[in-house]
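The exercises below ask you to read a protein model step by step, and each task is followed by a worked solution. Keep the sequence and the structure in view while you work.

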Amino acid sequence: MNARRFTILVALAGIAALLLRWLRQWAGDPPERRASHKEAIEPPELVERYSRCMGTLPMRLTRASLARYVTASPHWRILDVGCGPGWFPLEIAAYLPDAVIVGADLSHPMTVVAARHAQAADQADSVVFTQARGEVLPFADGAFDCVVSTLALHHWQDPVAVLKELQRVAQPAGRIIVFDIRRDMHPWLWTALKVGQTFGERLQLCENDEPSASISASYTPSELQRLALQAGWERVQIRTKLGWLMLERLPKETTPFPVPPAPRRKRNGTR
C-alpha cells in the first residue's frame, strides 16, 4: 500500500469516526423517564402501516425465535394478549398446528386484519381473534395453558391490572411470557433507530415520533420486575437483549433469574 492510499484511508476513517461521534451526540441517550402511550391503534390506515411494519424481516426473525421458545414445551390452549395484526399467533400455529390459539386485542380494526391474515394462511379454524381489554379478559380462570403478550406492554395504561389478568386466565402451572422493547436499550441501537426514523421513511403509526414514542413508553427490566411483583407474580424471570426484554412467570420449584443492572452511563452521556 503506497503512502497516498494509506493517507486517504486514514482520512476516511477519521471522518467516519467523527460522523459516528456526531450521530451519538445528536441522538442522545435513551429516555430515563417513562412517557405514556396510546392504548390502541384504531385508524385503518395506521393499522395497515403497523401490519406492514410487523411483517418486515427483522420482526419475522424475532417472532420466529420467540415462537420457538414459547412452543419448546407443547401447549394446547394458548392466548396472545395484544395480538395486533395476528402475526405471532399464526407463527405459533405453524409450530403447534393442533393447538387452540386465541388472539385478543383492544383495537377492533386490528382484529379484523388479524382474522384476514389467518384466512389467507388457511388457519382460520385453529386461530381465533377477539376484541378485548387486557385488564378485563373475557375468559374463565385457568382457561389457557400458556399466555403470551408481545410488543403490547408499553401500551397498557394499567400494566399491573393486565398482569393480574394474565395470571388469572392462565393455569396455575402454565407459562406466562411478556415480551417487549426496553427503554434502557443500548445507546448505539437507540442511535440507529433515531437515524432510521429521521432519515428513512416515517411510519407514522400512533404518532409522528415512532419508534421513539414506543421506546419512551417502555420499561426497564427492574421496573418490569416490580410490576410483576405488584401483580402477585411470586417468582419471575427477566431476560434481556440489547433492545428487548422478556418477563416470564416461573413455576414455584424453579430458581428465579436475577434482573441484570441497567447499563451504566458516564457523566458526559457516553459509555
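A residue is called buried when its relative accessible area is under 20%, and exposed when that area is over 50%. The model used here is a predicted one.

**Exercise 1. Two residues with positive phi**

Task: Decide for Asp 122 and for Leu 151 whether each is buried or exposed, and find where each lies in the chain.

Solution: Begin with Leu 151, whose phi is near 55°, a positive value in a residue other than glycine. This residue is found in the loop between E4 and helix H6 (159–169). Its relative accessibility is 12%, and since the limit for a buried residue is under 20%, Leu 151 counts as buried.

Now turn to Asp 122, which is not a glycine either and has a positive phi of about 60°. Asp 122 lies in the loop between helix H5 (108–120) and strand E3 (127–131). With a relative accessible area of 73%, Asp 122 is exposed.

**Exercise 2. The surroundings of strand E4**

Task: Work out which strands pair with E4, beginning with E1 and going on to E5, and describe how E4 sits in the structure.

Solution: The first step is the pairing of strand E1 (residues 77–81) with E4, which is parallel and runs over 3 bridges; here Leu 79 stands opposite Val 147 in E4. The second step is the pairing of E4 with E5, again in the parallel sense, over 6 bridges, where Val 147 stands opposite Ile 176 in E5. The third step adds a helix, for E4, H6 and E5 together make a right-handed β-α-β unit. Finally, 7 of the 7 residues of E4 are buried, so this strand is largely enclosed by the rest of the structure.

**Exercise 3. The largest nonpolar core**

Task: Find how many residues the largest nonpolar core has, and which element gives the largest share of it.

Solution: The largest nonpolar core has 30 residues, and those with the most contacts inside it are Leu 79, Leu 163, Leu 166, Trp 233 and Leu 247. The elements that give two or more residues to this core include E1, E4, H6, E5 and E7. The largest share, 5 residues, comes from H6.

Next, look at single members. Leaving aside neighbours within four places in sequence, Leu 166 is in contact with residues that include Val 147, Ile 176 and Trp 233. Leu 247, placed in strand E7, has 0% relative accessibility and counts as buried. Among the contacts of Leu 247, with neighbours within four places again left aside, are Leu 163, Trp 233 and Val 236. The C-alpha atoms of Leu 247 and Val 236 are separated by 6.8 Å, although these two residues are 11 residues apart along the chain.

**Exercise 4. Helix H3**

Task: Compare the length of helix H3 with the expected value, then state which elements its buried residues pack against.

Solution: Helix H3 (residues 57–70) has 14 residues, and from its first C-alpha to its last it reaches 20 Å, close to the 20 Å expected at 1.5 Å a residue. Its buried residues are Met 59, Arg 63, Ala 64, Leu 66, Ala 67 and Val 70. The partners against which they pack are helix H2 (44–54), helix H4 (87–95), strand E4 (144–150), strand E5 (170–181) and strand E7 (244–249).

Definitions and conventions
Residues are numbered from 1 along each chain as its sequence is written. This is a predicted model: local features need pLDDT of at least 70, side-chain atom pairs count only at pLDDT 80 or more; totals for chains, interfaces and linings use all residues. Side-chain values use heavy atoms; hydrogens and water are left out. Helices (H or I, at least four residues) and strands (E, at least two) are DSSP runs, numbered from the N terminus. The expected span of a helix is 1.5 Å times one less than its number of residues. Buried means under 20% relative accessible area, exposed over 50%, partly exposed in between (1.4 Å probe, protein chains only). Contact means heavy atoms within 4.5 Å. Two strands pair if DSSP finds at least two bridges between them. A crossover is right-handed if, with the strands pointing away from the viewer, the path from the first strand over the helix to the second runs clockwise. A nonpolar core is a set of buried Ala, Val, Leu, Ile, Met, Phe, Trp, Tyr and Cys residues joined through side-chain atoms within 4.5 Å.
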